[in-house]
Amino acid sequence: MTESAPRAITLGVAGMTCTACQVHVEKALRETEGVTEASVNLMTHSARVVYHPAVTELKALVEAVREAGYDASLATAQSSGQSHKHDHGGPEQERPLRIRAIAAITGGVVTMLLSVPLMQGPSRHAPTNAMDRLLRQTLPLLYQIPAPVLQYTMLAITFFGMFWAGGTIYQRAWQAMLHRTTNMNTLVALGTGAAFVYSAAATFFPNFFMQHGLRPDVYFDSVLLILGFLLLGNWLDLRTKRRTLDALRAFAKLQPQAARVLRDGVEVEAPIASLVVGEIVVVRPGERIPVDGVVVSGASSVDESLITGESVPVSRGEGDRLIGGSLNYEGVLEYRATSIGADSVLGQMLRLMQEAQSSKAPMQQLADRVSGVFVPVVLALAVFTFAIWALADHSGGMSRAFAIAVTVLVIACPCAMGLAVPAALTVSIGRAAQLGILFKGGESVERLARVQTVVLDKTGTLTEGKPRITAIHASGIGEADLITLAASLEQRSEHPLARAVIDFAASQGIMAAPASNIQAIPGKGVTGTVNGHSIAVGNRAFLEDLGISPPNEATSSPGATLLYISVDGHLTGWLSAEDTLRPGAADSVYALRGMGLNVAMLTGDSRASASQIALAAGIDDVHAGLLPEGKLAAIRELQAAGHLVAMVGDGINDAAALAQADAGLAIGTGTDLAREAGDAILLRGDPAQIVTALTLARRTLRVMRQNLRWALGYNVLGIPIAAGVLYPFTGLLLSPAVAAAAMALSSVSVLANSLRLKRFEPR
């Protein structure tokens with residue numbers, strides 16, 4: 001990476017409580033010189049920033065967050081693997097919050113009980129309601145306490161509760177004001193602060209209120225109950241958010257902190273950070289594999305379920321690949337480390353998951369636009385409500401108008417809107433990873449959920465991708481020589497047919513000869529020079545391009561693929577290779593059709609071979625003999641016809657088609673997951689994962705819509721009800737305490753609805 005190239009970093013952001021906070025932090029980062037992209041996640045309390053190191057420093061990004069009224073730390077930013085650990089993420093933060101919530105609610109209940117005798121007027125003799133009668137029977141001494149003592153006791157309890165239990169709320173509201181912004185804390189601080197000042201004034205100067213036609217009512221209980229319910233909601237939010245991040249935390253804990261390494265022939269224990277590529281690592285039964293590598297000795301079975309979603313342990317022996325974080329069962333393995341840290345499969349999975357959780361779905365844009373103006377609009381509505389009630393309500397006077405205005409301030413909840421989409425995405429991305437599917441972000445999930453047509457590549461997607469040479473036809477040359485020529489050109493290729501040739505040659509004890517001037521033509525074949533002869537290996541179209549016409553009698557069994565070999569411009573024979581349909585491929589195609597999706601197959605293979613596989617898989621729409629540009633054209637043709645297309649391929653030969661499709665699913669069987677072009681990576685390459693990915697994406701989109709409808713509907717209905725629109729018809733008015741409880745539960749309900757995605761199971 002050059003110094004001028006953009007760099008992506010994840011900052012931990014502390015102090016955000018609602019989507020308005022998220023918008024302010026995002027705006028501050030985007031306005032920083034050198035920043036090209038900034039996305040803030042309220043769920044994970046993190047900010048993903050893309051910036052130019054040559055223009056701005058990391059310290060400037062942290063300073064921008066702090067100037068916006070929040071906090072960010074360099075330590076969190078520098079450790080991507082720990083970016084999910086922040087001030088809201090652990091049980092150690094939950095306990096004090098729970099204690100403060102319980103204390104505030106308890107104080108609110110106590111002040112409510114103390115206020116009951118005051119409601120009976122100076123005489124305090126005749127009971128007026130059920131609560132009054134109950135208190136007279138259970139706490140008769142309460143009615144013997146002088147009214148001023150009760151009032152000042154309530155004042156003291158409320159004052160202490162405000163600044164001990166709710167101190168952080170007022171502190172954050174004050175910081176927001178200093179930075180000329182508003183957030184959820186602004187609404188609560190204004191509402192409770194105004195209620196406390198009004199109540200304190202009524203306590204100290206009751207005669208002044210009565211002289212001006214105002215009732216000296218006090219709202220001490222409402223102040224504490226509002227704070228208590230808000231803190232209770234924050235505590236529940238914290239617990240629920242921690243559950244939504246369980247999957248990411250589980251992946252982060254998979255990698256051991258140390259490994260046994262052979263150094264100078266001696267087995268020593270070394271920190272993971274000290275390992276280098278090429279070292280020999282020893283893993284004993286019951287231990288987790290520290291880093292990626294290839295087995296050099298030993299045999300065992302390995303549980304890769306937390307990484308690939310495959311529940312059945314897989315056998316691993318010499319030459320097999322190991323994934324860091326998987327669990328070794330019964331055998332001792334020695335293996336050569338190949339990928340370490342961020343380059344490992346687990347490291348890439350963590351990075352992709354964190355980036356996906358920091359991304360935004362298009363649906364989130366609506367919530368962001370609403371949230372950007374939410375708090376100022378609510379403040380204006382509260383003032384308007386107060387004015388209307390003060391002018392219209394002659395019986396209740398200013399006291400009732402004040403209480404209703406406070407209720408409007410308290411019931412409004414931008415938190416639910418800010419969490420509606422990211423909460424669902426976070427749970428969905430974590431659950432998908434547990435199933436061996438990596439979603440690349442919110443936009444990817446939405447695209448996958450809306451597709452109408454699924455286009456499948458054949459080799460490696462519908463088939464095993466491991467063809468076997470089943471027949472040889474040599475003309476004017478020996479079969480061994482024919483295989484030698486083919487293996488000599490294919491030895492540097494990773495194409496499945498090339499591997500089939502190499503494996504077959506090895507099984508026959510045939511050694512490949514040195515080759516030079518090798519040139520691969522994607523989708524066709526390869527040319528080169530072997531022992532001074534010009535050799536070409538490829539499909540029929542490739543040889544026809546070279547002016548060589550294979551005979552029509554070059555046939556094979558149905559479903560086989562022919563690989564032609566020419567020497568110095570003359571056809572010398574062909575090899576017949578056969579691939580097998582993946583288990584469950586036909587069932588997956590049937591399931592996709594059951595979801596109302598059209599299914600088609602694109603392949604560069606011959607019509608005969610493609611038709612045989614398509615028939616077995618239950619696919620009617622087959623496009624065969626396509627080069628990479630032909631697959632691209634087929635995708636564009638479907639899109640021109642009005643289809644939203646999902647392409648499933650291996651992410652290398654099909655990269656152009658994957659990128660062109662409205663949504664792409666890449667078979668991520670390689671180690672370099674990040675290179676795959678697409679919206680999701682299927683780690684196992686199992687066709688059933690296609691159905692799982694699309695079903696989960698649809699379910700996630702449905703939950704996001706439910707959350708947004710609830711969040712918007714709650715505020716659209718709750719604020720007018722709090723303002724008293726139903727009072728002329730039903731006599732219904734909400735108290736500030738009830739409004740606070742509703743506000744706290746609104747965001748909790750969004751999180752609880754999102755958590756349903758944790759129970760998602762594949763069909």
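In the predicted model, Arg-447 and Asp-679 form a salt bridge, with 2.2 Å between the closest N and O atoms. Arg-447 belongs to helix α17 (residues 442–450), whereas Asp-679 sits in the loop between β25 (663–667) and β26 (680–682), so the pair ties together parts that are 232 residues apart in sequence. The two partners were assigned to separate accessibility classes: Arg-447 is partly exposed, because its relative accessible area of 30% falls between the limits of 20% and 50%, while Asp-679 is buried, with a relative accessible area of 5%. Side chains of opposite charge can pair when their charged atoms come close.

Across the whole structure, the search returned 14 salt bridges. One of the further pairs consists of Asp-457 and Lys-631, for which the closest N and O atoms are 3.1 Å apart. This pair links distant parts of the chain, with Asp-457 in strand β15 (residues 453–457) and Lys-631 in helix α24 (residues 628–640), 174 residues apart. Asp-457 is buried, at a relative accessible area of 5%, and Lys-631 is buried as well, at 8%; both residues are therefore under the 20% limit that defines burial.

A salt bridge was also found between Lys-524 and Asp-545, with a separation of 2.6 Å between the closest N and O atoms. Here Lys-524 lies in the loop between β17 (515–521) and β18 (525–530), and Asp-545 lies in helix α21 (residues 540–545), the two being 21 residues apart. Lys-524 is partly exposed, with a relative accessible area of 24%. Asp-545 has a relative accessible area of 51% and is therefore classed as exposed, the limit being over 50%. In addition, Arg-260, Glu-267, Arg-284 and Glu-287 are joined into one network by salt bridges that share partners.

Turning to nonpolar packing, the largest nonpolar core comprises 141 residues, and Leu-29 and Phe-439 have the most contacts inside it. Helix α26 (residues 687–723) supplies the largest share of this core, namely 15 residues. When residues up to four places away in sequence are not counted, Leu-29 touches Leu-11, Val-35, Ala-38, Val-40, Ala-47, Val-49, Leu-61, Ala-64 and Val-65. A second core, separate from the largest one, contains 25 residues, among them Val-530, Val-537, Leu-563 and Ile-565. In soluble globular proteins, nonpolar side chains tend to be buried together.

Two helical residues were examined individually. Arg-172 is located in helix α7 (residues 167–178) and is partly exposed, with a relative accessible area of 29%. Its contacts, not counting residues up to four places away in sequence, are with Gly-15, Thr-17, Asn-183 and Asn-185. The C-alpha atoms of Arg-172 and Ala-189 are separated by 9.2 Å, the two residues being 17 residues apart along the chain.

Ile-388 is located in helix α14 (residues 362–392). The relative accessible area of Ile-388 is 42%, so this residue is partly exposed and does not meet the condition of burial required for membership of a nonpolar core. Between Ile-388 and Ala-401, which are 13 residues apart in sequence, the C-alpha to C-alpha distance is 7.9 Å.

Conventions. Residues are numbered from 1 along each chain as its sequence is written. This is a predicted model: local features need pLDDT of at least 70, side-chain atom pairs count only at pLDDT 80 or more; totals for chains, interfaces and linings use all residues. Side-chain values use heavy atoms; hydrogens and water are left out. Helices (H or I, at least four residues) and strands (E, at least two) are DSSP runs, numbered from the N terminus. Buried means under 20% relative accessible area, exposed over 50%, partly exposed in between (1.4 Å probe, protein chains only). A salt bridge is a side-chain nitrogen of Lys or Arg within 4 Å of a carboxyl oxygen of Asp or Glu. A nonpolar core is a set of buried Ala, Val, Leu, Ile, Met, Phe, Trp, Tyr and Cys residues joined through side-chain atoms within 4.5 Å. Contact means heavy atoms within 4.5 Å.
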